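Q: Please take a close look at one part of this structure. Start from a single residue and work outwards, keeping the sentences short.

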Amino acid sequence: MIKDIVVRDAGGKGLGVFALRQFRKGGFIFRRRYGRIVANTSVDSLTREDRRHLCELDYARSAVLLAPGCYLNHSCEPNAMRSGVKVLAWKRVRAGEEITIDYRLNAFGSRRSRCLCGSASCTGQITGDFFSLSPRQQRDYLPFAPRFIRLEYRRRTAS
Ligand SMILES: [Zn+2]
């Protein structure tokens with residue numbers, strides 16, 4: 001069981017995932033679990049709740065995330081990073097802190113959404129696209145990005 005984290009109210013963002021202990025930089029926090037895998041073309045048939053908790057796997061498919069992983073909120077300056085289904089500390093995480101990841105890691109497209117992360121670099125709006133990150137962030141995140149993003153990155157930097 002996952003005992004080092006807890007899901008609770010994160011203010012305007014709804015629910016969030018919070019650390020119950022400190023995690024050192026790079027440390028393993030928990031593993032996310034996938035429910036149904038759906039074709040991106042049939043996302044509209046999902047319930048509203050399932051649509052809120054999608055994780056893009058590649059150009060064609062998305063996974064519906066199960067609790068507690070589905071409650072991880074986005075931050076433009078996250079303290080955690082995903083590597084596949086594993087969630088790792090990107091910076092040191094203190095007990096009681098909300099654990100956040102950057103949704104742009106595995107996103108491709110131009111969907112825009114409002115951002116309530118409140119970090120210094122946040123413009124209040126995020127574009128759900130890895131390639132909307134700064135060149136430096138793209139380089140930092142690349143080893144953790146899914147294969148389809150890494151291939152696209154190589155294609156773009158080669159030309
Ligand atoms: Zn933000």
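A: Asn79 sits in the loop between β7 and β8 (80–83). Strands here are DSSP E runs of at least two residues and helices are H or I runs of at least four, numbered from the N terminus. The model is predicted, so local features need pLDDT of at least 70 and side-chain atom pairs pLDDT 80 or more, while totals for chains, interfaces and linings use all residues. Residues count from 1 along each chain as its sequence is written, and side-chain values use heavy atoms, without hydrogens or water.

Is Asn79 buried or exposed? Asn79 is buried, because its relative accessible area is 6%. Buried means under 20%, exposed over 50%, and partly exposed in between (1.4 Å probe, protein chains only).

Which residues does Asn79 touch, apart from those up to four places away in sequence? One run is Leu88, Ala89, Trp90 and Lys91. Val93 is also on the list. Another run is Glu97, Glu98, Ile99 and Thr100. Contact means heavy atoms within 4.5 Å. Arg114 gives a reference point elsewhere in the chain: its C-alpha atom is 20 Å from that of Asn79, at 35 residues along the chain.

Take Glu97 next, as a contact of Asn79. Glu97 lies in the loop between β9 (86–89) and β10 (98–101). With a relative accessible area of 25%, Glu97 is partly exposed, whereas Asn79 is buried. Beyond the neighbours within four places in sequence, Glu97 is in contact with Val17, Phe18, Ala19, Asn79 and Arg92. Arg21 is 76 residues from Glu97 along the chain, and their C-alpha atoms are separated by 9.0 Å.

Trp90 is another contact of Asn79. Trp90 belongs to the loop between β9 and β10. Its relative accessibility is 23%, so Trp90 counts as partly exposed. What does Trp90 touch, not counting residues up to four places away in sequence? Trp90 meets Pro78, Asn79, Ala80 and Met81. Asp140, Tyr141 and Phe144 are further contacts of Trp90, and so is Lys25. Val64 is another story: 26 residues from Trp90 in sequence, with the two C-alpha atoms 24 Å apart.

Now the space beside this part. Trp90 helps to line the second largest pocket. So do Cys76, Glu77, Pro78 and Lys91. Arg136, Gln137, Asp140 and Tyr141 complete the lining. A pocket is an open set of points on a 1 Å grid over the protein atoms alone, where a 1.4 Å probe fits, with protein on both sides within 12 Å along at least five of seven lines; lining residues have an atom within 4 Å of a point. Asp140 and Tyr141 are also contacts of Trp90.

Helix α2 spans residues 135–141 and includes Gln138. Gln138 is buried, with a relative accessible area of 10%. Leaving aside neighbours within four places in sequence, Gln138 is in contact with Phe130, Phe131, Leu133 and Tyr153.

Cys76 leads from the pocket lining to the metal site. Cys76 is one of the protein donors of the zinc ion, through its SG atom. The others are Cys115, Cys117 and Cys122, each also through SG. These donors lie 2.3 to 2.4 Å from the zinc ion. Donors are N, O and S atoms within 2.8 Å of the metal (3.2 Å for Na, K and Ca). Along the chain, the zinc donors follow the spacing C-x38-C-x1-C-x4-C.

Why is the arrangement tetrahedral? The four donor atoms subtend angles of 104 to 114 degrees around the zinc ion, which makes it so. Four donors count as tetrahedral if all angles lie between 85 and 135 degrees. Cys115 and Cys122 are buried.

The largest pocket has a lining of 42 residues. Arg51, Arg52, Leu54, Tyr103 and Ser113 lie nearest its centre. Elements giving two or more residues to that lining include α1 (48–52), β6 (61–65) and β12 (125–127). Thr127 lies in strand β12. Thr127 is buried, at a relative accessible area of 18%. Setting aside its neighbours within four places in sequence, Thr127 is in contact with Arg104, Gly109, Ser110, Arg111, Arg112 and Ser132.

To return to the start: Asn79 is buried, and it touches the partly exposed Trp90 and the partly exposed Glu97.

Definitions and conventions
Tetrahedral: all angles 85-135°; square planar, octahedral: opposite > 155°, others 65-115°.
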